[in-house]
Amino acid sequence: MADFYSLKVKNIKALTPSAVAVTFDIPEELFQTFAFSAGQYITIKKELKGKELRRAYSISSSPKSDSITIGIKKVDKGGFSDYANTKLAIGDVLEVMPPEGRFVFHRSDKPKNIAAFAAGSGITPIMSIAETVLDSHPENTFVLVYGNKSEKETMFYTALVKLQLDHSDRFFVYFTNSEKRSDDSLFGRIDVSTVNYALKNKHKNVDFDGYYLCGPESMIHLVSDTLKENEVASDKIHFELFTTTEIKDELPVSADGEAQIEVTVDDETFSFTMDKKMLVLDAVLKENIDAPYSCQGGVCSSCIARITEGKAEMEKNQILTDGEIAEGFILTCQAHPTTATLKVNYDDV
Ligand code: FES
C-alpha cells in the first residue's frame, strides 16, 4: 500500500535563506501515478544516520505541470529539511510516495471567488491552488493574506508578485510581516483585524465560495473562528495544518493494559498484542507491517484506517470530522486502543 517510487531531482532553487523549492522530474510512465489535485502533498522517505525518516511536503506546482515542485523550509538541525536545504543536489534520487491529501481545490466550470490565509511554509499548497483557481475560469478571483516574519523570509515572494502583475484584476495578495516593516506589506501577525481588513474592507462586496487556510494551528483557529463569527459556513472553510516542529508532543497516558490487535493492509491480516499506551501506528510499524503513513503527527491523513471492532482514542485530530469518526475512521498515528480487542482496516477507507 505504501508504495514509493524513485524520482530524480530536476532542480533546486533557494526561496529564502532557509527554504528551497525542489522540483522532481516525473517520467512519462509515472504521469498517471503522480497526477494530483491542487493542494495535495507527497511523502519522501530517506534514511539519515541509520534511521528511516518520512516527511510530507505540499506540492506548490500546478497540476498541469509535467513536474512536481515542493517547498522545504529548514526546521530541524540534522533532520530531512536540513539535509534538503544543505546537501540535496540536482540529479539525486529520492524515494517518493504518490500525491495524497484532502486539502484540495477542484476545478469548476462556474466562476469562483476564493480567499486564502497562509503563514510561513503554509504557502506551499496555496501556490498550487492559486494557480489552479486563476487558470480554471477567466472570471475567478483569488485573495491571499500571507504572513511571515519579514519579506526576506517570504517563500515564493517573487512568484506571488508576478501572479499579481499578470492578474492584477483577479489576484490580490496582502503580505503581512511580524518583525520587519516594509512599504508594501501590513505589519503584525495575521489576526482578527487582518482577516476583517481583507474580507470586510478591501473585498467587502465579494461573495467568497471557499476559504483555504494553511499554517500553524493557532493561525488556523484564529482565522477559522473569525470567519465563523462573520457567518461563513463551516463547509466553506478548508484547512491544512503545518507544524513547525518535527518532534512529537509527549503523549498523555490513555488506558492501561494490553490490547489484542488485528490489522488489515493490502488484503493481508496480521494479529499481535500491544500496550495500550502505545500508538496504533507505532505498534503496527514495530511489527514490520507495511502500513501507510507520513507525518506521524496527525496532520497529513495518510494513516487513516477504519475500526471494524473495538474502540480507540485519538490524542490529536484536526482532520477527521465527527461524522467520519462516527463511521469508525481513525488516524492510527494518533490512536490508542481503549478496548481489549481492536480491529482496524487500512484498505476500507
Ligand atoms: S501519519 Fe500523518 S496523520 Fe497520521
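A nonpolar core here is a set of buried Ala, Val, Leu, Ile, Met, Phe, Trp, Tyr and Cys residues joined through C-beta atoms within 7 Å. Buried takes 20 or more other C-beta atoms within 10 Å of a residue's own, exposed 12 or fewer, and partly exposed is in between, with C-beta atoms placed from the backbone.

Housekeeping before I start. This is a predicted model, where local features need pLDDT of at least 70 and side-chain atom pairs count only at pLDDT 80 or more, while totals for chains, interfaces and linings use all residues. Residues are numbered from 1 along each chain as its sequence is written.

**Cores.** I pulled up the largest nonpolar core and got 66 residues, with A116, I126 and A130 having the most contacts inside it. I then followed A130: leaving out neighbours within four places in sequence, I find it touching A116, F142, L144, L163 and F171 (contact: C-beta atoms, placed from the backbone, within 7 Å). Another core lies apart from that one, with 25 residues, including I304, I330, C333 and V344.

**Domains.** I looked up the bounds, which come from an automatic or database domain assignment: domain 1 is 5–100, domain 2 is 113–241 and domain 3 is 258–345. Between domain 1 and domain 3 I get 27 Å, centre to centre over C-alpha atoms. Five residues from each of these two domains make the contact. On the domain 1 side, β3 (41–48) and β4 each supply at least two residues. I sorted that side by type and got two nonpolar, one polar and two charged (nonpolar is Ala, Val, Leu, Ile, Met, Phe, Trp, Tyr, Cys and Pro; charged is Asp, Glu, Lys and Arg; polar is the others, Gly among them).

**Sheet.** Strands are DSSP E runs of at least two residues, numbered from the N terminus, and two of them pair if DSSP finds at least two bridges. I traced an open, antiparallel sheet of six, in the order β4-β3-β6-β1-β2-β5. β4 (51–58) and β5 (67–73) are at the edges with a single partner strand each, so one side of each has no neighbour in the sheet. β1 (residues 5–16) and β6 (residues 93–100) run antiparallel to each other over four bridges, and I noted E95 in β6 as the bridge partner of S6.

**G310.** I found G310 in the loop between β15 (304–309) and β16 (312–314). Is G310 buried or partly exposed? Partly exposed, because 18 other C-beta atoms lie within 10 Å of G310. Beyond four places in sequence, G310 contacts P337, T339, T341, L342 and K343. Q260 is 50 residues from G310 in sequence, but I get 10.0 Å between their C-alpha atoms.
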